[in-house]
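New notebook page today. I'm opening a structure I haven't looked at before and jotting down what I look up as I go.

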Amino acid sequence: MEESQTTLQRRQQIRVRKFHHHAFRTDDMEKTRRFYEDVLAMPMIGVFVETTDPVTEEPSNYIHAFFEMADGSALAFFQFQEDMYEPSKIRGNQDPFDHHLALEVDSKETVFAYRDRFVQNGIEHMLIDHGYCYSIYVHDPNGMQVELTTKVPQTVEIMEKHAATAHEDLEKWLAGVTVANNEYRRLRGDTPAS
Ligand SMILES: [Fe+2]
């Protein structure tokens, strides 16, 4: 199903155009590079070496590396020279409900191809069928949870239905109505690619 005129017109009005980059701090850029470039196959397209902290304008030394996605957007990571910044306060794997990053891939076949790469590389992973998308979750070397997700045949239909009631759904939940409205959600599991 293609997006409706209502959806396309709504999008034309939005001035925030698209994802540019997401930045996160790492204490080990080489480990980070191996995960994003070697496992996820996102090329490292730039490493900026900086000697001034742009916020404080004090001398500093850090690198800022970018890993590219197919639409030109990127994931960025900072690593400071030892003693030039406190080590990252984030330790261990983050709870996905606190923060996670979802990156789109083109099909369920690609989700499963990544699952095979995670198996080969000994990376723990989890598959979830959300109904409106199908996802695999892993933690990157920095403990940040990364979701690789694909649209499914019913995605547009479900999202358009929910767009029509989004404000009403929020009001109802805030007023104490806690009935699930995602009738498409499936249980976890290794659903065959389809
Ligand atoms: Fe998500």
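What covers the buried residues of α2? I went looking, keeping in mind that this is a predicted model. The cover includes β3 (59–68) and β4.

**Entry: the helix α2**

Next I wanted names for those buried residues. In α2 they are Thr32, Phe35 and Tyr36. I checked how they sit around the axis: they cover an arc of only 80 degrees, so they end up on the same side of α2. Then I turned to the other side of the helix, where Glu30 and Asp38 are exposed. So I now have a buried side with Thr32, Phe35 and Tyr36, and another side with the exposed Glu30 and Asp38. I also looked just past the end of α2 and found Ala41 there, with a positive phi of about 60 degrees.

**Entry: the sheet**

Since β3 and β4 turned up as cover for α2, I looked up the sheet. Four strands make an open sheet, in the order β1-β4-β3-β2, and the pairing is mixed. Which strands stand at the edges? They are β1 (21–25) and β2 (44–52). Each has a single partner strand, so one side of each is left without a neighbour in the sheet. I noted the twist too: from one strand to the next it averages 20 degrees.

I then followed β1 to its partner. It runs parallel to β4 (residues 74–80), and five bridges join the two. I picked out one residue in this pairing, His22, whose bridge partner in β4 is Leu75.

**Entry: the two domains**

Time to step back to the whole chain. It is divided into domain 1, residues 19–86, and domain 2, residues 98–189. How many Å separate their centres? Taken over C-alpha atoms, the figure is 26 Å. For the contact I wrote down nine residues from domain 1 and eight residues from domain 2.

Which elements give two or more residues to the side of domain 1 that touches domain 2? I found β1 and α2 (29–39). The largest share comes from α2, with four residues. By class, I listed four nonpolar, three polar and two charged residues on this side of domain 1.

**Last note**

I keep coming back to α2. Its buried residues have β3 and β4 among their cover, and the helix also gives four residues to the side of domain 1 that touches domain 2. β1 appears twice in my notes as well: it is an edge strand of the sheet, and it gives two or more residues to the side facing domain 2 in the contact.

Definitions and conventions
Residues are numbered from 1 along each chain as its sequence is written. This is a predicted model: local features need pLDDT of at least 70, side-chain atom pairs count only at pLDDT 80 or more; totals for chains, interfaces and linings use all residues. Two strands pair if DSSP finds at least two bridges between them. Axes are lines fitted to C-alpha atoms, for helices over the stretch in contact, and angles run from 0 to 180 degrees between N-to-C directions. Domain bounds come from an automatic or database domain assignment. Two residues are in contact if their C-beta atoms, placed from the backbone, lie within 7 Å. Ala, Val, Leu, Ile, Met, Phe, Trp, Tyr, Cys and Pro count as nonpolar, Asp, Glu, Lys and Arg as charged, and the others, Gly among them, as polar. A residue is buried if 20 or more other C-beta atoms lie within 10 Å of its own, exposed if 12 or fewer, and partly exposed in between; C-beta atoms are placed from the backbone. The arc is that of the directions from the helix axis to the C-beta atoms.
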